[in-house]
Amino acid sequence: YTIGEVAKKFDMNESLHRHWEKEFPIISTKKAGGNIRQYRKEDIENIRLVYHLVKEKGMTLQGAKLRLKANKEKTVQTAEVLDRLKQIREELVKLRKSLDYLT
């Protein structure tokens with residue numbers, strides 16, 4: 001994925017992603033010709049973790065670094081559960097709209 005695609009996925013600007021790359025060693029992109037960043041699935045998962053801690057939980061960058069360093073596995077599990085709950089909620093909202101349409 002390109003930095004533009006990743007930024008769009010998280011509804012953030014590209015400069016913030018570049019900044020996070022410098023701050024969080026777990027986000028390690030590869031650069032193609034012309035210094036174009038290429039993000040792998042693993043990079044996107046790590047960005048998702050940082051996003052969860054900083055944007056959703058309101059942690060500082062330093063706090064997020066400490067959390068990931070202390071217990072990355074638990075943070076991953078929590079973020080996965082929250083993502084799944086969001087997906088379930090979206091499906092339930094769609095179902096409710098469909099039912100409202102029928103009545």
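A salt bridge is taken here as a side-chain nitrogen of Lys or Arg lying within 4 Å of a carboxyl oxygen of Asp or Glu. In this predicted model, seven salt bridges are counted by that rule. One of them joins the side chains of R18 and E14, with a distance of 3.8 Å from N to O. The two residues are four positions apart in helix α2 (residues 14-23), and are therefore separated by about one helical turn. Both ends of this pair are partly exposed, R18 with a relative accessible area of 32% and E14 with 34%.

A salt bridge within helix α3 links R48 and E45 at 2.6 Å, N to O; these residues are three apart, which corresponds to about one turn of the helix. Here R48 is buried, its relative accessible area of 13% falling under the 20% cut-off, whereas E45 is partly exposed at 38%. The side chains of E56 and K86 also meet in a salt bridge, at 2.3 Å from N to O. Because E56 belongs to helix α3 and K86 to helix α4, this pair ties together parts that are 30 residues apart in sequence. E56 is partly exposed, with a relative accessible area of 36%, as is K86 at 38%.

The largest pocket holds about 370 Å³ of space. It is lined by 15 residues, of which K9, F10, E45, R48 and D83 are the closest to its centre. Two or more lining residues come from each of α3 (41-56) and α4 (61-102), and α3 gives the most, with seven residues. By residue class, the lining of this pocket comprises eight charged, five nonpolar and two polar residues.

Methods: Residues are numbered from 1 along each chain as its sequence is written. This is a predicted model: local features need pLDDT of at least 70, side-chain atom pairs count only at pLDDT 80 or more; totals for chains, interfaces and linings use all residues. Side-chain values use heavy atoms; hydrogens and water are left out. On a 1 Å grid over the protein atoms alone, a cavity is a set of points where a 1.4 Å probe fits but cannot get out, and a pocket is an open set with protein on both sides within 12 Å along at least five of seven lines; lining residues have an atom within 4 Å of a point. Grid points are joined across faces, edges and corners, and a volume is the space filled by probe spheres set on the points. Ala, Val, Leu, Ile, Met, Phe, Trp, Tyr, Cys and Pro count as nonpolar, Asp, Glu, Lys and Arg as charged, and the others, Gly among them, as polar. Buried means under 20% relative accessible area, exposed over 50%, partly exposed in between (1.4 Å probe, protein chains only).
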